[in-house]
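Visitor: Could you take me on a close look at one part of this structure? I would like to see the metal site together with the ligand beside it.

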Amino acid sequence: MLDRRRMLAGLSTAVVATLATDKLWAAASIKPDDASALLVIDVQNCFLPGGSLAVKEGEQVVPVINRIAKAFANVVMTQDWHTPGHVSFASVHSGKKPFETIDLAYGKQVLWPDHCVQGTDGAALSKDLSIPQAELIIRKGFHKDVDSYSAFLEADGKTSTGLAGYLKARKIKRVFVAGLATDFCVAWTALDARKAGFEAYVVEDACRGIDTQGSLAKAWADMAKAGVKRIKSGDIAVGA
Ligand code: VGL
Ligand code: ZN
């Protein structure tokens with residue numbers, strides 16, 4: 001017969017075991033497979049400290065991305081890649097300042113400081129990224145009159161970058177999105193990934209946001225509604 005003390009001891013062992021199992025499970029429950037791709041969005045000098053559109057704490061995503069990238073056989077990086085005098089630059093709209101908005105033929109456009117001009121050092125990927133296995137670098141925003149936050153579709157909502165076709169041809173089913181900025185290029189990429197039929201995960205601590213006019217809260221709400229999963233880098237199993 002079990003006495004009360006032994007019963008309690010047995011119970012607490014079971015509780016501890018359950019907690020420990022839960023914790024291990026939560027610590028690294030997602031194992032990227034061959035049908036998974038990491039999309040590293042716009043980790044470019046312009047968005048890093050000293051850049052013309054520096055994202056607060058932007059540099060902090062780099063070590064996190066380098067670490068999780070080890071878990072991925074498939075990595076695509078993006079570069080915001082604007083023409084000089086791009087329509088998204090406040091400097092080409094007289095009387096307008098960065099972070100104000102204007103109405104363009106395709107909808108509302110936030111105006112930005114000049115950034116990520118083709119071929120400039122500001123448009124270069126961070127030299128601290130270390131993802132030698134990355135297979136594709138996709139450039140976007142290179143049409144002078146159309147912006148492109150999303151790695152899939154330009155802001156006109158119809159011009160494709162070709163990324164969905166590439167990923168489908170490579171038999172990718174799920175994408176993990178990281179980089180800059182959470183509320184613009186990361187969010188628009190994750191939303192378009194869902195629209196194109198991919199499972200989409202955003203790795204929260206591998207991203208940082210700009211947060212202008214409530215954009216960050218809105219982006220998370222839009223992503224939740226679209227079925228984008230919000231995870232942390234610790235949820236991804238890296239290494240053996
Ligand atoms: C981005 C604003 C303008 C981004 C790009 O990478 O999130 N944001 N261009
Ligand atoms: Zn841009």
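Guide: Happy to; here is a walk through the zinc site and then through the surroundings of ligand 1.

Please keep in mind that this is a predicted model. Let us start at the zinc ion (ligand 2), whose protein donors are Asp80 through OD, His82 through NE2 and His115 through NE2. These donors lie 2.0 to 2.1 Å from the metal. Along the chain, the donor residues follow the spacing D-x1-H-x32-H. What is the arrangement of the four donor atoms around the zinc ion? It is irregular, because the angles they subtend run from 88 to 172°, whereas a tetrahedral assignment would need all angles between 85 and 135 degrees. Two of the donor residues can also be described by their cover: Asp80 counts as buried because its relative accessible area is 3%, under the 20% limit, and His82 is likewise buried, with a value of 0%.

Asp80 also leads us on to ligand 1, since the side chain of Asp80 places an N or O atom 3.0 Å from a nitrogen atom of that ligand. On the oxygen side of the ligand, a polar side-chain atom of Asp42 is 2.7 Å from one oxygen atom, and Cys185 brings a backbone N or O atom to 3.0 Å from an oxygen atom. Taken alone, ligand 1 exposes 260 Å², and the protein buries 100% of that area. The space it takes is the largest cavity. Asp80 and the zinc donor His115 are among the residues surrounding ligand 1, as are Phe47, Leu53, Trp112, Tyr149, Leu180, Ala181, Phe184 and Ile210.

Notes: Residues are numbered from 1 along each chain as its sequence is written. Chains are lettered from A and ligands numbered from 1 in the order in which they are written. This is a predicted model: local features need pLDDT of at least 70, side-chain atom pairs count only at pLDDT 80 or more; totals for chains, interfaces and linings use all residues. Side-chain values use heavy atoms; hydrogens and water are left out. Donors are N, O and S atoms within 2.8 Å of the metal (3.2 Å for Na, K and Ca); water is not among the atoms, so sites may look incomplete. Four donors count as tetrahedral if all angles lie between 85 and 135 degrees; four count as square planar and six as octahedral if opposite donors are over 155 degrees apart and all others between 65 and 115; anything else is irregular. Buried means under 20% relative accessible area, exposed over 50%, partly exposed in between (1.4 Å probe, protein chains only). A residue is near a molecule or strand if one of its heavy atoms lies within 4 Å of it. A polar contact is a pair of N or O atoms within 3.5 Å; within protein, one must be able to donate a hydrogen and the other to accept it, and residues adjacent in sequence count only if both atoms are side-chain atoms. Accessible areas come from the Shrake-Rupley method with a 1.4 Å probe; for residues, only the protein chains shown count as cover. On a 1 Å grid over the protein atoms alone, a cavity is a set of points where a 1.4 Å probe fits but cannot get out, and a pocket is an open set with protein on both sides within 12 Å along at least five of seven lines; lining residues have an atom within 4 Å of a point. A molecule sits in a cavity or pocket if more than half of its atoms lie within 2 Å of its grid points.
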